[in-house]
Amino acid sequence: MKVAIRADVSTAIGTGHVMRCLTLADALRERGAAIRFVCRQTPGHLGNLIAEKGYKLAWLPERGNLAEDARDTHAAIADQARWDWLIVDHYALDAAWERELRSLALKLMVIDDLADRSHDCDLLLDQNLQEPGRYEALIPKTCMTLIGPKYALLRPQFAEARRNLRVRDGCVSRLLVFFGGVDASGETLKALSAIKMLGRQDIAVDVVLGQANPHRQNIEMACRDLSNVTLHHQIENMAELMAAADLFIGAGGTSSWERCCLGLPALVLATADNQITQSVTLGHAGAHLYLGLASSVNMEHLAQLIDEILQLPELLIHTAKCGQDIVDGRGTARVANSMKSFWPIDLRHAKLADSRSLFAWRNHPDTRRHSLDPAEIAWDSHERWFTAVLADPNRELLIAEQRGQPVGVLRYDIEAGRAHISVYLVPGLAGQGLGARLLLAGEEWLRTRHPEIRILEAQIRPSNTASLGVFQSAGFAHDHTVLKKNIHDQH
């Protein structure tokens with residue numbers, strides 16, 4: 001694949017957008033993709049880091065309203081005949097910008113976590129712990145969504161550290177302080193002052209700074225005054241530091257998912273408005289202790305809160321477990337696989353020659369485990385069923401293919417303007433984002449061949465949470481024990 005990524009860093013917006021895009025870029029490059037970043041040359045940019053990682057980088061002028069940004073980006077990537085993907089991770093860009101760039105890419109992906117503007121995209125990723133439906137009115141009906149910490153863009157080092165993680169006992173002998181790649185308001189200095197007030201020389205402290213931190217010299221001076229503090233600059237081993245730490249003090253940004261993955265208890269301050277909702281939500285989920293806006297917490301109050309939490313090992317153990325239950329560290333692979341699975345899905349009618357394949361796929365343990373009837377099917381029964389389905393004018397049995405290879409099976413039982421769906425993937429292809437895309441491809445197929453169908457419905461076992469998620473991401477909603485979708489007049 002050829003992938004262009006539009007994201008920025010500045011002292012005002014922080015480093016999170018580019019850092020998570022670099023994580024995704026690494027995963028895509030491992031899968032054979034060629035990547036180009038497109039960034040504005042703003043104060044605090046990470047151009048050196050992007051170049052050090054071996055990625056091509058196109059600079060945009062430091063000017064720019066939305067129309068100018070679209071024009072500049074178009075010029076920066078128009079040398080390619082067609083990009084496979086354009087990825088946009090930028091709070092200032094919306095559907096109007098995306099429409100201007102549509103012609104340059106086969107598919108457009110948006111990374112967002114605000115849900116405060118419309119998008120014209122094929123795939124939307126929001127790794128926050130939020131309700132999936134909040135984007136429903138903001139994206140096209142055909143847009144696929146990857147919603148929740150299951151898709152958190154973490155580097156592989158976090159999944160590796162999680163596999164080797166020690167058991168956390170609630171005792172604190174090491175603190176980790178990190179307020180993001182910029183920390184424009186100087187929260188790191190506040191935390192160091194609070195730690196100094198504690199006077200706990202028995203607790204080691206690691207402090208991490210991003211290269212765009214404007215308070216670097218003052219922080220270095222403060223660290224020299226504390227013998228138990230080690231200062232780290234723009235590190236690559238954050239997973240190692242988090243695994244070694246017993247308590248985190250920092251901002252509620254993208255590092256939240258890294259902490260959760262490694263079960264690191266945290267005292268969190270929101271350093272930007274866009275961190276508040278997520279910080280509150282994770283606090284309610286028990287994954288960290290949210291202290292409020294950074295501007296409302298002074299160093300004396302912070303010192304008091306740190307001292308109090310040091311006396312509550314049971315709470316720290318509980319917080320560690322809650323965080324680990326939310327993030328498993330495999331989100332980047334899920335996102336990269338979903339993008340790779342976006343090759344067009346073609347649907348064709350099943351033929352007699354497909355009978356053996358369907359028999360093997362349907363009887364595979366992975367398929368039977370999620371079926372309403374998990375029993376193994378005998379060949380004679382399958383053959384009778386298969387022949388009857390092909391002959392029935394009110395049933396459609398379809399094979400889904402990508403680039404000539406089968407990826408799944410769809411069956412529609414049609415009656416009185418309704419179509420009841422049965423669907424499964426070819427064994428071995430789960431977890432790549434194909435399920436919802438297959439449902440949407442089937443929807444388009446039905447519109448052209450059965451325009452009388454208004455309602456799609458499916459019955460799924462309540463324990464089959466994976467399939468429930470797939471149907472919901474394709475626009476289905478619960479109606480008692482059935483999932484339904486009205487496709488009449490949808491475009």
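Okay, let's start inside the protein: Arg-334 is buried, and Asp-328 is buried as well. The two side chains meet in a salt bridge, with 2.6 Å from N to O. In general, side chains of opposite charge can pair when their charged atoms come close.

Before I go on, remember that what you have in front of you is a predicted model. How does the confidence look? The chain averages a pLDDT of 92, and 99% of the residues score at least 70. Among the elements of the chain, the highest mean belongs to strand β8, residues 174-178, at 98. The lowest is 82, for strand β19, residues 477-479. As a rule of thumb, where pLDDT is low, the predicted coordinates should not be read in detail.

Now, back to salt bridges. How many salt bridges are there? The count comes to 34. I'll pick out a few of them.

Take Arg-36 and Asp-79, whose closest N and O atoms are 2.8 Å apart in their salt bridge. Arg-36 sits in strand β2, while Asp-79 is in the loop between α3 and β4, so this pair ties together parts that are 43 residues apart in sequence. Are these two partners buried or exposed? Arg-36 has 12% relative accessibility, which makes it buried. Asp-79 is at 55%, so that one counts as exposed.

Next one: Arg-348 forms a salt bridge with Glu-401, and here the closest N and O atoms are 3.0 Å apart. This pair also links distant parts of the chain, because Arg-348 is in strand β14 (residues 345-349) and Glu-401 is in strand β15 (residues 395-402), 53 residues apart. Arg-348, at 24% relative accessibility, counts as partly exposed. Glu-401 is buried, with a relative accessible area of 18%. Then there's a whole group: salt bridges that share partners join Arg-6, Asp-8, Arg-40, Asp-69 and Asp-72 into one network.

Let's turn to the sheet. In which order do its strands run? Seven strands form an open sheet, and the order is β3-β2-β1-β4-β5-β6-β7, with parallel pairing. At the edges stand β3 (56-60) and β7 (144-147); each has a single partner strand, so one side of each is left without a neighbour in the sheet. On average, neighbouring strands here are turned by 20° against each other, ignoring direction.

If you'd like one pair to look at, try β1 and β2. Strand β1 covers residues 2-7, strand β2 covers residues 34-40, and they pair in the parallel sense over five bridges. Val-3 stands opposite Ile-35 in β2. What lies across these strands? Helix α3, residues 66-77, lies across β1, β2, β3 and β4 (83-89), and it runs at about 145° to β2.

Last topic: cysteines. How many disulfides does the structure hold? Zero. Cys-121 is in no disulfide, and the nearest cysteine sulfur, that of Cys-143, is 3.7 Å away. A disulfide needs the two sulfur atoms within 2.5 Å, so that pair does not make the cut. Cys-121 is buried, with a relative accessible area of 1%, and Cys-143 is buried too, at 4%. That's my tour, thanks!

Conventions: Residues are numbered from 1 along each chain as its sequence is written. This is a predicted model: local features need pLDDT of at least 70, side-chain atom pairs count only at pLDDT 80 or more; totals for chains, interfaces and linings use all residues. Side-chain values use heavy atoms; hydrogens and water are left out. Two strands pair if DSSP finds at least two bridges between them. Helices (H or I, at least four residues) and strands (E, at least two) are DSSP runs, numbered from the N terminus. Axes are lines fitted to C-alpha atoms, for helices over the stretch in contact, and angles run from 0 to 180 degrees between N-to-C directions. Contact means heavy atoms within 4.5 Å. pLDDT is the predictor's confidence in each residue, from 0 to 100. A salt bridge is a side-chain nitrogen of Lys or Arg within 4 Å of a carboxyl oxygen of Asp or Glu. Buried means under 20% relative accessible area, exposed over 50%, partly exposed in between (1.4 Å probe, protein chains only).
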